[in-house]
Amino acid sequence: LIGTHDGTFHCDEALACALLRMTPQFLSAAVVRTRNAAFLEQCEVVVDVGGVYDPAKLRLDHHQGTFSEIMVTPEAQYRTRLSSAGLVYRHFGRTVLRAELPGLSEDDLDVVYDRVYKNFVEQIDGNDNGVEEFSLSPPDAAGVQLVQNYHVTTALPSRVK
């Protein structure tokens, strides 16, 4: 069982559940939408609900006040705080990519893993966490600069509500 919150679906848990269902481990798993802790306790993996980030127990929530996890790939370190989509991608993304792209070398897998995050998942992380695509840098000797926080490549976050 995959557990996530009930109520309005957000893009991050919709993608998190879809990615999980692309793995051999959760290919046939049902998705339970609830905030009931007793029901969530019965789930093998819980995303975007429960207030716990514990990868060993497959509890992948990002709503704790102290949560500050970011994506680090062999290619780059990103600044955007992870949503449940980014957490699932961090822990299961390589498994999904290996299944979808058999025969990739480890070096090529590293590149694809990074590019999928950079050009798709990071935008969903930023959107869910309230990070705008652009922001202003802190003032320095050069003044204030416009900084791109992530690349917008899809309207998906605004369509999944």
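This is a tour of selections to make in the viewer, stop by stop.

The model is predicted, so local features are taken at pLDDT of at least 70 and side-chain atom pairs at pLDDT 80 or more, while totals for chains, interfaces and linings use all residues. Residues are numbered from 1 along each chain as its sequence is written, and side-chain values use heavy atoms, with hydrogens and water left out.

**Helix 1**

Start by selecting helix 1, 11–21. Helices (H or I, at least four residues) and strands (E, at least two) are DSSP runs, numbered from the N terminus. Eight of the eleven residues of helix 1 are buried, where buried means under 20% relative accessible area, exposed over 50%, and partly exposed in between (1.4 Å probe, protein chains only). The buried ones are C11, D12, E13, L15, A16, C17, L19 and L20. Show the surroundings next: the cover over these residues includes strand 1 (2–4), strand 2 (31–33), strand 3, helix 3, helix 4 and helix 5 (156–159).

**Cysteines**

Stay in helix 1 and pick C11 and C17. How many disulfides are there? The count is zero, a disulfide being a pair of cysteine sulfur atoms within 2.5 Å. For C11, the closest cysteine sulfur is that of C17, 12 Å away and too far for a bond. For C17, the closest is in C43, at 9.8 Å, again too far for a bond. C11 has a relative accessible area of 7% and C17 one of 6%.

**The core**

Now select L20, F26, V45, V47, V88 and Y89, the residues with the most contacts inside the largest nonpolar core, which has 29 residues. Such a core is a set of buried Ala, Val, Leu, Ile, Met, Phe, Trp, Tyr and Cys residues joined through side-chain atoms within 4.5 Å. Two or more residues come from each of helix 1, strand 3 (45–47), helix 3 (84–100) and helix 4 (106–128). Helix 3 gives the most, seven residues. Center on L20: leaving aside residues up to four places away in sequence, L20 touches I2, F26, L27, V45, V47, V88 and F92, with contact taken as heavy atoms within 4.5 Å.

**Salt bridges**

The whole structure has six salt bridges, each a side-chain nitrogen of Lys or Arg within 4 Å of a carboxyl oxygen of Asp or Glu.

- Select D6 and R35, whose side chains meet at 3.2 Å, N to O. D6 is in the loop between strand 1 and helix 1, and R35, 29 residues apart from it, is in the loop between strand 2 and helix 2 (37–41). D6 is partly exposed at 32%, whereas R35 is exposed at 51%.
- Select R115 and E75, with the closest N and O atoms 3.9 Å apart. R115 is in helix 4 and E75 in the loop between strand 6 (70–72) and strand 7 (77–81), 40 residues apart.
- Select R98 and E106, where the closest N and O atoms are 3.5 Å apart. R98 is partly exposed at 41%, as is E106 at 46%. Separately, add D114 to E75 and R115: salt bridges that share partners join these three into one network.

**Two loops**

Go to G50, in the loop between strand 3 and strand 4 (53–54). Is G50 buried or exposed? G50 is exposed, at 54% relative accessibility. A distance label from G50 to L40 reads 7.9 Å, C-alpha to C-alpha, with their positions ten residues apart in sequence.

Finish at V144, in the loop between strand 8 (134–136) and strand 9 (146–148). V144 is partly exposed, at 45%.
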